[in-house]
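I opened this notebook page to keep track of what I looked up about charged pairs and surface patches. The entries follow the order in which I went through them.

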Amino acid sequence: MEKKKNSKKMNIPNIKLDKIKLDKKTVIFSILAIMVLTVVIVCGYVFGYMILFANGDVAIDLKEYQANQSQTSIIYAFDKEGKPYELQRLHGKENRIYVSLEEISEPLQKAFIALEDARFPKHNGVDWIRFIAVFVKDQLSTGGSSITQQLVKNLTDEREAIFVRKFKEICYALNLEKNFSKDEILEAYLNTLYLGEGCYGVKTACEVYFGKEPREINIAEAACIASITKAPYTYDPLVNPQKNRDRQIRCLDAMLEEGYISKAEYDEAVAYELILTNSDKYVADEEVKVEKDEPKNAVWSSYVDFIVDSLYDQFMNEYDMSERQATQKIYYGGLKIYAAVDPEIQAVVEDVYKNRKTFPDESGRDVKSQSAITIMDYSGRVVAICGQAGEKTGDRSLNRAADSPRQPGSSIKPISVYAPAIEEGIATWSTLYQNKAFAYQGKQWPKNYTGDKGNGSYVTVQNALARSLNTVPARIVYYDLTLNKSYEYLTQKFKISTANAEHDIAPAPLATGAMNRGITTLEMTAAYAAFGNGGLYYKPYCYYRVTNSDGSTVYFDNTANKGEQVISQDTADIMCELLQTVTTSSYGTGTPYKISGFQTMAKTGTTTDDYDRWFVGGTPYYVAAVWYGYDLNKTVSNVSGNPSGKLFAKIFNEIHDGLPQKTFPKSSLTAEKRYCLRTGLLAGKNCYSTAMGWYSVKNLPKTCTSCHAAVTEKPISSWSGGIDDLLGLIGGDRDTQTTTANPMQENTTVGLQPVQ
């Protein structure tokens, strides 16, 4: 039986969408409603964000910007009256010097406002009327930006899409106006905008185009400078004067229209003849630094090189900066650097070195000799420096004075041998040493400069130093002072940083200057200064103070440069007197180079094969070290005398011309005494051959008792023997140099091992 399905039939209506007819007006209205609602929501959000941002915290701190912006650093020197003047500017791509609004003339301020943003005094950061007009016409071209907006663009340097950038620009502008006054904004703007020729801000622009300070700019000049802003190259008055002139008139029209100038002032400005810095009629103002006046290939002086190199060293070492960070600080940090240079002395030095005065004639030679000099006072101030002979062709070129150590030869002896020996009580002015080589490393060493090994006579310390013997300091270092003690004085007391313990703790480097690297004239000068100031070592400096642009931060300050007592006052006094005999005694190696009318201490130096010639000397005013030679070792030939001594004399005689008489300071710790030339002791009543010398009152020699009235030797005044015999009697030798021993007995130390 078939089962019946008990089911109900469902009635489902058959609805067809295409049969549903909607009202078209309703659809359009809905879409528009959604669009309007979306716009309202977006606009509400945008304007709400703008209001919150504008009234929020400071987004751009103009004070912080002023302190940290890229600004040109300036080196100042001081004239005879002690007034600072601009010596050199240091800047990279941006030549910028910040000035206050009070330092900018009113016409210059009004010219920018009239041309760039006439409603600037009235709007709240955005000129909405102008902005909307430009938006409708040019779809957000740059023409609608207010001064405040332009400032934001200059400070933020946004690179995003134009709509995003403009929105941010408006927000920042509104925020600026809420937090800073119109004057503060205008001041920042006038110090920020680019005005061509590498000039950022009106200060450098006024100098480059007119050779004037911003406060001196008149109405016509103001309109000229303001006209540059739109397109700095196109409207550069030095490059395109006619295009600048057309826009200048437009600026004057705007100033007249805004009521910033009268019709009479307008007419006068239109007729005014602009005298630009490239005009034949231009006369430079000596008080204004105009870089446009300088030749395109003008290079820094050696002193400026030295300042910049010193800044790198100090920033990198004392502030732990990388080289890149130091570069940013030096060239873009707006530093004020007060140089210690003496401009007149530096000018003398540069004239002598640039024109190779006193240099031998080397015309036709492919390789010419070189030289370096450092001149200091006795408290660490480097008054002049030069590291190159001939024309200087680049900035921060090789500074041989500070950066090129050279073997010093005999000029090392005062700081490595004689001063240490006197300080340690080992030797005095008249201590006798044998002028004779001794056994060292299987041979007789050393030779004197003239090639001999000494004649065996006994000479005083004074005689050996004045004649630059090698044998005497070699004996002092090797047997008495010890190598380690000598090296300690050289490096720890006299701060010679280029010494190398591995190679230089040895007789030849310490006694004759055959160092592994050598010494710079800078460090040699600083070391010798201790002999003229009572035994104080002062670290050399080339600037008194370095600050940020407004002086609120001091990076380096050398005005209280304190000296370190490295040798006693009595030792310094004795060394000063000893070194003066180098220029006063008939056998002194520096006699031809004594400065006329002034006490002159000095020491000469010559290295093996005549590769290097040195002269280190000083007067009561200044001390200097001079090196002469070739960059690559080459024998100094075809010269008479000491080329370094000639340079020293040439420069020092000129810079001392007209200076009042002055003597080296002297303490009460030394006394001038008569000594016996035969024994080196203080002269007794029966001593027949005597001379005068200087001694520490704490270390006076004993009085001679070995001379007798009834001596068979004739007094020197009646001596009839040969010159060599006479020199042997008084402790001299015509041909040789150097060394020591007990004068009362044969030298028994030859061949012994040195005490380390």
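**Salt bridges and a surface patch**

I began in helix 11, which spans residues 263–271, and found K263 and D267 both within helix 11, 4 residues apart, or about one turn of the helix. I noted that this is a predicted model, and I keep that in mind for everything below. The side chains of K263 and D267 meet in a salt bridge, with 2.8 Å from N to O. I then looked up the cover on the acidic partner: D267 has a relative accessible area of 37% and is partly exposed, because that label takes in values between 20% and 50%.

Next I turned to helix 19, residues 483–493, where E488 and K485 both lie, 3 residues apart and again about one turn of the helix. Their side chains meet in a salt bridge as well, with an N to O distance of 3.6 Å, which counts because the cut-off is 4 Å. For accessibility I wrote down 34% for E488, which is partly exposed, and 27% for K485, which is partly exposed too.

I also wanted a pair that joins separate parts of the chain, and I settled on E344 and K80, whose side chains form a salt bridge at 3.1 Å, N to O. This pair links distant parts of the chain, 264 residues apart: E344 belongs to helix 14 (residues 343–354), while K80 sits in the loop between strand 1 (73–78) and strand 2 (84–90). Are these two partners buried or exposed? E344 comes out as partly exposed at 46% relative accessibility, whereas K80 is exposed, with a relative accessible area of 69%, so K80 lies over the 50% limit for that label.

For the overall tally, I recorded that a search of the whole structure finds 24 salt bridges. I noted separately that E86, R89, K203, E207 and E213 are linked in a network of salt bridges.

Last, I left the charged residues and looked for nonpolar side chains on the surface. I found a nonpolar patch made of I28, I31, L32 and M35, which together have about 390 Å² of accessible area. I followed up one of its members, M35, which lies in helix 1 (residues 24–54). At 49% relative accessibility M35 counts as partly exposed, because the label exposed is kept for values over 50%.

Terms used:
Residues are numbered from 1 along each chain as its sequence is written. This is a predicted model: local features need pLDDT of at least 70, side-chain atom pairs count only at pLDDT 80 or more; totals for chains, interfaces and linings use all residues. Side-chain values use heavy atoms; hydrogens and water are left out. Helices (H or I, at least four residues) and strands (E, at least two) are DSSP runs, numbered from the N terminus. Buried means under 20% relative accessible area, exposed over 50%, partly exposed in between (1.4 Å probe, protein chains only). Patches are made of residues with over 30% relative accessible area and no salt bridge: like charges are joined within 9 Å, nonpolar side chains (Val, Leu, Ile, Met, Phe, Trp, Tyr) within 5 Å. Accessible areas come from the Shrake-Rupley method with a 1.4 Å probe; for residues, only the protein chains shown count as cover.
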